[in-house]
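Trainee: I've got this model open and I'd like a close look at one part of it, the nonpolar core and whatever is built around it. Could you walk me through that?

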Amino acid sequence: MYQPPHFVEDRLDAQHDLIRSHPLGLIITHGAHGLSADPIPFLLDPDAGPNGTLRAHVARANPLWQGQDPAAGVLVVFQGADHYVTPSWYRTKLETGKVVPTWNYVSVHAYGRMQVIEDAEWLRAQIDRLTELRELGRGKPWAVHDAPEPFVAAQMRAIVGIEIPIDRIVGKWKVSQNRPEADRRAVYEGLEAEDTAEARHMASLVRQYGGL
């Protein structure tokens, strides 16, 4: 990933927070079936290893775990907030006209080696924990044990677990830090004026990282 210095976010806690808030990662593998990219929801164990460990499960029929060289690395991309930035917001437009559109975004790339896990206890703990996290806060949260146990057992036989100790992790927060202060403030105001959840989220990042 191209990394100009002003967009680097190398704080591990910030990187982990993005993974937790946007857990649907795109895992990119290159194995016997060639290059593949699969969107999969991940759990993060921040205390397993120096950079944390990613855990997930996939359908047994999914070829991504078959024929993967254990020594070969995989990449998981987590995409956070993003938003188009119009040059019409920039104060610089009024001064020189020398402005162009851009796209603000936040992303974390996690690298490691994928381990395949078929242990039933591990798989049950994985699906229980993933379900608990996603159902948290609902009026009537659903739990795995709400389904008949023979049905759950049959479903578990159709999945395999994957675990990726993170060897290297890279964060990029491209949120207008490279613009003059007047432009950063104008981008913040423009995003706030759009009044959508996506725009407000990006506005908060522009304010935080732009020192506004």
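Mentor: Here's a walk through the core, then its surroundings. Keep in mind that this is a predicted model.

Let's start with the core itself. The largest nonpolar core has 38 residues, and the members that touch the most others are Ile27, Phe42, Leu54, Phe78, Ile164 and Leu191. At least two residues each come from α1, β4, β5, β6, β8, α5 and α6 (197-209). β8 gives the largest share, with six residues.

Phe42 is a good one to click on. Leaving out residues up to four places away in sequence, Phe42 touches Pro23, Gly25, Ile27, Leu54, Arg55, Ala56, Val76, Phe78, Ile162 and Ile164. Why would side chains like these gather at all? In soluble globular proteins, nonpolar side chains tend to be buried together.

Now the strands. β3 (residues 43-45) pairs with β4 (residues 53-59) in the antiparallel sense, over three bridges. Within that pairing, Leu43 has Arg55 of β4 as its bridge partner. On to β8 (residues 159-174): β4 and β8 run antiparallel too, joined by seven bridges. There you can pick out His57, whose bridge partner in β8 is Gly161.

Helix α1 (residues 12-21) comes next. Its buried residues are Ala14, Gln15, His16, Leu18 and Ile19. Among the elements covering them are β3, β4, β5 (73-85), β6 (102-113) and β8.

Past β8, look at Asn178, in the loop between β8 and α5 (181-194). Asn178 has a relative accessible area of 45%, so it counts as partly exposed, the class between the 20% and 50% cut-offs. Neighbours within four places in sequence aside, Asn178 is in contact with His6 and Phe7. Pro5 is 173 residues away from Asn178 in sequence, yet their C-alpha atoms are 9.8 Å apart in space.

Last stop, a pair of helices. α3 (residues 120-135) and α4 (residues 149-156) pack at about 110°, and their axes are 11 Å apart. Angles of 65 to 115 degrees count as roughly perpendicular, so α3 and α4 fall in that class. On the α3 side the contact is made by Ala120, Leu123, Arg124 and Ile127, and on the α4 side by Glu149, Val152 and Met156. Sorted by type, the residues of this contact are five nonpolar, two charged and no polar.

How values were computed
Residues numbered from 1 in each chain as written. Predicted model: local features only at pLDDT ≥ 70, side-chain atom pairs only at ≥ 80, totals over all residues. Heavy atoms only, no water. Pairing = 2+ DSSP bridges. Helix = DSSP H or I, 4+ residues; strand = E, 2+ residues; numbered from the N terminus. Buried < 20%, exposed > 50% of the residue type's maximum accessible area, 1.4 Å probe, protein only. Contact = heavy atoms within 4.5 Å. Core = buried A, V, L, I, M, F, W, Y, C linked by side-chain atoms within 4.5 Å. Axes fitted to C-alpha atoms, helices over the stretch in contact; angles between N-to-C directions. Parallel < 35°, antiparallel > 145°, perpendicular 65-115°, else oblique. Nonpolar A, V, L, I, M, F, W, Y, C, P; charged D, E, K, R; others polar.
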